Every structure is written in C-alpha cells, then in structure tokens.
Protein chains: 2
Amino acid sequence: MTRSIGFSVQANDGAARRGALVTARGTVQTPAFMPVGTAGTVKAMLPQSVRATGAEIVLGNTYHLMLRPTAERIAKLGGLHKFMHWDGPILTDSGGFQVMSLAKLRKITDHGVTFKSHLDGTALELTPERSMKIQTLLGADIAMVLDECTPLPATKDEVARSMQLSLRWAERSKYAFREPKDRALFGIVQGGLEPDLRAESVDGLVQIGFDGYAIGGLSVGEGQDAMFRVLDVTAPLMPADQPRYLMGVGKPADLIGAVARGVDMFDCVLPTRSGRTGQAFTRRGPVNIKNACHREDPRPLDDQCKCPACRDFSRAYLNHLHRSNEILGAMLLTWHNLQYYQDLMEGLRFAIDEGKMAEFVKEFEFKQAAGDINPI
Amino acid sequence: MTRSIGFSVQANDGAARRGALVTARGTVQTPAFMPVGTAGTVKAMLPQSVRATGAEIVLGNTYHLMLRPTAERIAKLGGLHKFMHWDGPILTDSGGFQVMSLAKLRKITDHGVTFKSHLDGTALELTPERSMKIQTLLGADIAMVLDECTPLPATKDEVARSMQLSLRWAERSKYAFREPKDRALFGIVQGGLEPDLRAESVDGLVQIGFDGYAIGGLSVGEGQDAMFRVLDVTAPLMPADQPRYLMGVGKPADLIGAVARGVDMFDCVLPTRSGRTGQAFTRRGPVNIKNACHREDPRPLDDQCKCPACRDFSRAYLNHLHRSNEILGAMLLTWHNLQYYQDLMEGLRFAIDEGKMAEFVKEFEFKQAAGDINPI
C-alpha cells in the first residue's frame, strides 16, 4: 500500500529501535511519548507549554470529542489542530476503549456499539464507519481502527471471538478510511494474553495493511510481567519497517521495558492525571508532593529538571499548592511530569543511538531503587 | 516621617493622578491594578504570566497565608517573594477583612479579634501587633494596618465606634511596625458612608502618619453611586503627595470612576474569580463565554487583546473548555481578564498623561453600551 506517513528506523540496540515518524505536520522522533489531550486540551497545559516539554505529537480522544463539542462542530471550526492550537501531528483513538470504560448501557454487536453518553445520557452509536468519519472530521494525522478492548479475565474462546470481531472492524475501518495521502491509519493488535491469538491478530491486520500497528488490550490490570510477555511474543511478529504503538502505557518502567522490546510510540494519562493529584515522577522514583515531609523542604522537586516547577519553586511551595487545591499546583506538576516523560524518551533515544540501552536500564533501576532519600 | 517608599505625581487631569510608586523591588506606574495572590498564588497563573500582563505589584492575603502554610513557614523558606517566585513588590492586607468574611466564631474586642479557621477550626487571634508580625514575616513591601471593615448597614454610632476602633488599631499597628526603611505601612480610612466620619478617620490617620492611605469599607454592597460619593468627599482630604489605594474594588467602571476621583491603586478578585467561572471582561462589556451563542463562534474573544486566550483560540474553544470544566479554560480566561485590567489601567495612565481623561471615560462608556453585538 501507499504509505501516508513515513517511518524509518535509524538505529537498533537489541530489539529497541530508534526511529523517525514523518507526518505532514512534522517529524516525530521515536521512541515517542504522546501526551493525552482528552477533550481537546492536554489538561492544565497551554499547547506551547506541551511543546516546550519536547512533545512532538499529542493524542485526542474520539469518545470525549464526539460527545462534546462534537466532531461536526470541530470540523466546522477548521479541525482539531486549529481548535486546540496545536500545529504538530495529532493521533486520535477510535473511541472504542472509552466507550467501554466510560459510557453507560453499552451493547456490542457485529455492527458496532450502542451506548449512552456519560455526560447527558444521549443514545449514540459507534461503528467502524462512524469512528473513521469522526476521526476524519477531527482532522487526525493518525487515525486508529475501531476495536474491542477485550475485558480480562476472559476465557480463551472469548478472547478469540473478541479479537476476530476487532479484525472484522479493522477491515471495515480500512475500507471506510478514504483519506488524502497525508493521513495515516493504524491497526490494533488484540488477543489478550494468548500468544497464538496475538499472532493471528497481527497476521490478519498485516493482510489488511495499515500504516502502523498498535498493541491494544494491555495495561488493563494484567501486570507488567504479563504485559512484557505479550510484547516479547508480539513485537517480533510486527512489520519491522512500520511504527509500533503500545496504547495506554504506562509507568516509566513500563515504557522502558516496552522500548527494549521494540515499541516506538506510547500514550498515557498517567503523567497528566498524576500531576493533578500531587503525584510526581522523578529520576529517583515517584514523589507524593502532598506528604508532610515536603512542607518545609526548600529544595526543588528535581534539581536537574528544566521545567518551571523545578526551576522556580520549592517542594514546600508545591506541597502548599496541592494541599490548598490551587490550580497552579496542577499546572506545575502536570508540566513537570510531562517534562519527565519527554526527558525519559529522549534518554532512551540517546541510549539506543549509542548502543547503551542496557546501561540506561541499569542506571534507571538503580536510581529508582535508591529512592528520594539522598539530597538531589 | 521618613518615607519607606517613594511616590510622585507626574501629571493630573482634574482629580485624576498619574504617578509612580517606587519600592525597593521596582517601580509601580499608577493608577495601578494589583492582581490578588490569595494563598501565595494568583490563581491559575504562573508568576511570569502575571508579569506578562503588565502587572507590577501583586497582593497577598494575610488571613489565608497565616492559616496555611503559616507566616512562620514562609519566613523560614525565605519570605513570600521567594516562596511564590514573584520578585516585584508585594502588598499584603492585614487579614482583618477576611477574618470578618471567612472565619468562624469571630469575637472582636479592643484587643483584637479571635476566630476559628474556616479550614480546620483552629482557634486563632489577630491583633494589630500580630498582623504586623505576620506581614513582616511574609516580607511584604507594603503592609496594611489592621482595621475593622464596618459591616453595613449600620447606625452612625456603630460606624463611628468601628472607625475609632480602627484608628486605635492603626496607631498600635504603626507602633508595632518596626521595619527596615525599604518597607512601607499604609493606613486605612474607614467611616462608612458618613462624610464627617471619613474626614475624622483621614485626620486621625494623617496624625499618626503613614506611607500611604487606603480607603476601606467600600465595595461591600453599597452600590457604585454611594461609593463614588464617599470618594468625592474623602479623596480630596487625603495627602496629595502620597498614594491612595481603594481596597477590594472593583468592576472596570468602578476603577475608572475612582481614578477620576483621585485614586492610585486597586486590588480585586473580580478578574481572576470571573476567569474561573467563564465571565470575561472585554472592551465591549462583559461576556459569559458559557453562553450557547459562543459555541460555534470562530472569532477571538477580543481581536485587539494580546493575551493567549485571544491570540490563539476561538470563542468556541473557550466555550468548550468552560462547559467541560477544563483547567485550561480557567487559565486562559483568568489571563485574559488580568490582561484586560492591566490594559485598562494603561489606558487610564495614558489618558491622564495626555489630559484626555474625559474622552477616555466617554469612549469606555460608549463601547460598553454598544455591547458585543457588532463583530469585534
């Protein structure tokens, strides 16, 4: 097929890949982390601040946007990029995952899923065709096929049936996706924790043919070991010359382990959501800034971080803001966490370039284990 | 007395004054609007963003800060400027007003006021001496005497007794305020809506001697006409060579009327609080951005405003953010409103410099009356 985006791998270190994803709206260095811009905003961040952390692509949520302000309204206003003032590439999900996790009265058939909005109870339907239409209206640079994220635990038969439904939906998504050449569509590998079903899913998707391939259905409570086992058997089966995207993952150690297994792209609400609740990610592990131990601590959260939270303020101040439920607390810690995630990806890219992935992992684990006891 | 700050009037237009307030941390062009940094943060704004709007001084609330994180803790961390990363001048209020409006189980005696914290019920006391101590610990460039904001309506006797209590507290505040020369203390004129009591208050305060004089007890529901009548009789009695500060005021038209009557400084939560609830101030009057009419409006809120909300986004987007309770909505509209207030003050300063105060008022009223009907 004609590729709507370009992807090239520039270096390998073991299974880890250092690449570049070229889109009409700019190049994304991989491995890449995509901040989540749920409802047309990366929560508590100006778009230029998102850019300042080093992010080159953001994610938009079809489910949230189809409910409010609606895809039609965003299209009328010139598309999602203009609407949210983000001129870099945007990847949109299909809406399927959040219909399953947020909407009410869901009913899945082969045709699609009907549900009621969690906002106002409006009855809605999402089909592969409708999801493609919405993502086109939004103007996504990378769209995702509609899939069913198989709820676990499930019997192998249930996982197989669900994966095959996703394959049929992927085919309909591809057919419905009639797009100018500068937009891409990714397939999503399902199959739960079953190696043979994952393999079958990859095969089916590759036969349909996509611009990139995501791994779905993980980070839903199965644990890191199980997730890594799935990656170990799945990633090697995926086309080596196309981007691999692990959806909804994850913690810093999850990202590192997935990169080591050949994944190129990630998204997760963890850095932004944690930032709003006082959880910070640091080189020395997670910090709950609301803890009393930070109340009079004049030190920055991380003296090697260049974000405004670390550059201009003390832990004591961040503690005060979060204990007082001040919006600035959410703003600063969100910024810090996104900076941390981008710095982590930059470190991984550098490590792969230099063939030092093993050292990177070792140093990461050492520092995280050392914890926040030593002055930083 | 030796002045701890410098103040000079550079131009007059009628009663309106164009001046400069020189502090150790920088010069404030007057008439000036001070954004309110309640609990050590101008809500939803980074300090550099506050600065970017043109603000040269911010206000801190003694009541909020004494409760959390406490003045002692802020002092230990190097003072309020360092704590909140604001290197310009800071004016702190005395805590008196908010004790009366927020705290529980208040009891006022000649000694001071006892109350319980609205946060956790802790029993606390605020006296003139304690207020001076707290404002010193915070490191305020301009401190305010402790006063009683007389609750209206009240009989003339009640207003007189309250005003005289405030005078005694002002004297004790002055005595307790033993500060290095680079910090200033302002007295506060009380006396309700009674011209003779306002005059008596000014006299008493001037005899004690302060670096500047505030007008308190207004904008508490008395209406703009009553407020302007008080200013008409009070401002001319206040020392012409010292700054005049109208506390807690107000709407754009209030500021303009007060400047026309000789006021130099203002503070108010209106622009920040309104920004969080979807109320925007514009050249053509107030706009409720949540109104359905903005849902598909691609125009900026105000195409002549240089704030990020107006520069980068549509009314439709701001409408979406506020209807979705997104933090970015509060961030953008707060920024816009503070920019509007600073631009308004800049316009007033220019008008006084040019001797065009009357034209300024006329144009302001015309545009506000024209409303938001015409495309802007």
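Start by selecting helix H14 of chain A, residues 327-353, in this predicted model. H14(A) lies across strands S1, S2 and S3 of chain A. Measure its direction against S2(A) in the viewer, and the angle should come out at about 115°.

Next, select the three strands under discussion. They form an open sheet in chain A, with the order S1-S2-S3 and antiparallel pairing. Colour the edges: these are strand S1 (6-13) and strand S3 (26-30) of chain A, each of which pairs on one side only. Neighbouring strands in this sheet are turned by 15° against each other on average, direction ignored.

Now keep S1(A) and add strand S2, residues 16-23 of chain A. The two run antiparallel and are joined by seven bridges. Which residue of S2(A) is the bridge partner of Ala11(A)? Show Arg18(A), which is that partner.

Then bring both chains into view. A turn of 180°, with a shift of 0.0 Å along the axis, lays chain A on chain B with an RMSD of 0.0 Å. The two copies are therefore related as by a two-fold rotation axis. To find a landmark for this axis, go to Ile327(A): its C-alpha is the nearest to the axis in chain A, at 3.7 Å. Residue 327 is also where H14(A), the helix from the opening view, begins.

Finally, select the interface residues of chain A and the interface residues of chain B. Of those in chain A, 100% are also interface residues in chain B, so the copies meet through the same surface.

Terms used:
Residues are numbered from 1 along each chain as its sequence is written. Chains are lettered from A and ligands numbered from 1 in the order in which they are written. This is a predicted model: local features need pLDDT of at least 70, side-chain atom pairs count only at pLDDT 80 or more; totals for chains, interfaces and linings use all residues. Two strands pair if DSSP finds at least two bridges between them. Helices (H or I, at least four residues) and strands (E, at least two) are DSSP runs, numbered from the N terminus. Axes are lines fitted to C-alpha atoms, for helices over the stretch in contact, and angles run from 0 to 180 degrees between N-to-C directions. Two residues are in contact if their C-beta atoms, placed from the backbone, lie within 7 Å. Copies are superposed by least squares on the C-alpha atoms of residues with pLDDT of at least 70 in both.
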